[in-house]
Every structure is written in C-alpha cells, then in structure tokens.
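Biologist: Please show me the model, and then let us go through its rings and one of its helices.

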Amino acid sequence: MHFDLIQSLSLAGKADVPNDDRIGCADRHAWVIDGATDLGPPGLLGERGGAAWLAASAQCAFAMATGPLQSVCEQVFDDLARSYARDRQREPIAGWELPRAAFAAVALEGDELVCAHLADCVVLHRSASGIAFLTPEPDREAERAEARALGPGTGAHGVRTPAVIADRRIARERPKAVLGVDALLAKAGTRYTRAPVARGDDLVLMSDGFAALFDTYDACTPDTFMARLLDQGLDALAQVLRRIEHDDAACLRYPRFKMSDDASALWLRVG
C-alpha cells in the first residue's frame, strides 16, 4: 500500500505575513507542521523568524527521513537540534523565543496506519468502520477562555496588542512537549497510535487553523466535514472557514488570539 495525494491546501492567516504551516507526503509517510507564531522580532536565527526557520527545517527533515514512523520522527527531532546548534546567532532572550511547532505525521506499516503527534495538529481517518480522529479530538476551550479573559475583541482584525504578546509569552513559558530544538523533550512527548488500514481509506492531516472548523466554530462534525470534502473538496471547506472568520473579524462571537490563523490540510487516499 501507499499514499495517493488527492488535494493539498495551505492558506496564510494574513497575506503580509509568511505562512508557518508546512504539509507534505512521501510514498508511505506524510506530515503536517504548524509553526508557533513568533512573539518577538527575528534575530535568534538571523533575519528569518523562528517559526519560519523551524517549519522549513522540519519540512526538509520529514522529506528526507526513512523507516518506521517512530524512526522518522526521531530523525527529524535530532536533525532540528543539530540545525539549531548550527544556525543560532545568540542565546535566546527567554524560553518564549525558542522556535516551536505542533505536528502530526502518519505512516503505513504493514496492514496498520501509524500516527504520531505533538500538540494540536489533527488527523481524521475515514475507513469502512467509520470516521475517527487518530489524534486527540480538537478542543480549544482553554485557549478561548484565555482570549476571553483579556477582554472583548482580543486579536480583532489581526492586531496583536502588547497585552496579548505579554500574555502569550507567559503561556509559552509553561512546560509543554512540542516539536522544537530539544530532541529529548520531543521524543519523550510524542504519542503514537495505530489503526487498521485498507486500500480506499481517506486521511486528512490538518493544522489547528483548519481544524478550527470543528472546535472553534462548530461549523461541522467529522461526518459532515468528510461528506463535504468528498463532494466538494478542500477549497469549499476553506471558504467556509474564512467566511466565518471574516464575518467575526472583531473576534467577539468566537474569542481568539488571531482573526485568521494559517490553515493547512492534506487529503490522502490509501492506494
């Protein structure tokens, strides 16, 4: 068995800011990477922001890695640690400046589908048994509560106020297993799940900006998401996503830290 690419889509949250998501697939493994928004100006890794550096470095590492999924992931983690030691221009100001990301990856191993993940990227699997999340079901309630606590309109129209930046720096200092420059932390934190797989199964790998359709906006269930995907493709779902965000540009109905996040999705079929 192998992965057939059906569609891929990646939208920047703002047209004037680089997209820090990456998606990709090889014959038997695929991945999505969601770089965490920088909370200060570039400098740690030169003129490029940390999120862009991490996303590009991880994309290259996933494309080059081979073997079972755990081996692939550990090759990526080690490569990122080496690249950071090579590219770093100075010591980080604080822990919040270290580049970090969420990721999810899948691989075909024998008659099983293996999924690895850290943080909040999402993988949805359609099989003869139904539709299921291979990653934890999305839940942004804690983030919504944090945005709500900063007052109405936090993140409105894509503006990051000093209060929002300060709050996000504090949040990023909290211990959390992420895809980043600490290979040991990533290896210890990555979770692996397995599921039966067959030819004709569909998989969708998403950054949390695309998965917001489920957990932030309640625009669909996994079943209705997959039905619309099969009928109209990723573009129709992306239009729904951006329309919701445009209509709530003031971030009042759906409290959040950005009007629109980078949103990426990769649709694969097992061939």
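**Aromatic pairs and helix H2**

Modeller: This is a predicted model. The structure holds eight aromatic pairs.

Biologist: What kind of aromatic pair do Trp 53 and Tyr 84 form?

Modeller: The ring centres of Trp 53 and Tyr 84 are 6.3 Å apart, and the planes meet at 65 degrees. Planes over 60 degrees apart count as edge-to-face. The pair of Trp 53 and Tyr 84 is therefore edge-to-face.

Biologist: How many residues apart in sequence are the parts that this pair ties together?

Modeller: Trp 53 belongs to helix H1 (residues 50-64), while Tyr 84 belongs to helix H2. The pair thus ties together parts whose separation in sequence is 31 residues.

Biologist: Is Tyr 84 buried or exposed?

Modeller: Tyr 84 has a relative accessible area of 8%. Buried means under 20%, so Tyr 84 counts as buried.

Biologist: What distance should helix H2 span?

Modeller: Helix H2 runs over residues 69-87, which is 19 residues, at 1.5 Å a residue. Its end C-alpha atoms lie 27 Å apart, and this agrees with the expected span of 27 Å.

Biologist: Which residues are exposed on the face of H2 turned away from its buried side?

Modeller: The buried residues of H2 include Leu 69, Val 72, Phe 77 and Tyr 84. The buried residues cover an arc of only 135 degrees around the axis, so they are on the same side of H2. The face turned away from that side carries the exposed residues Arg 82, Ala 85 and Arg 86.

How values were computed
Residues numbered from 1 in each chain as written. Predicted model: local features only at pLDDT ≥ 70, side-chain atom pairs only at ≥ 80, totals over all residues. Heavy atoms only, no water. Helix = DSSP H or I, 4+ residues; strand = E, 2+ residues; numbered from the N terminus. Expected span 1.5 Å × (residues − 1). Buried < 20%, exposed > 50% of the residue type's maximum accessible area, 1.4 Å probe, protein only. Arc of directions from axis to C-beta. Phe/Tyr/Trp six-rings, centres within 6.5 Å; stacked < 30°, edge-to-face > 60°.
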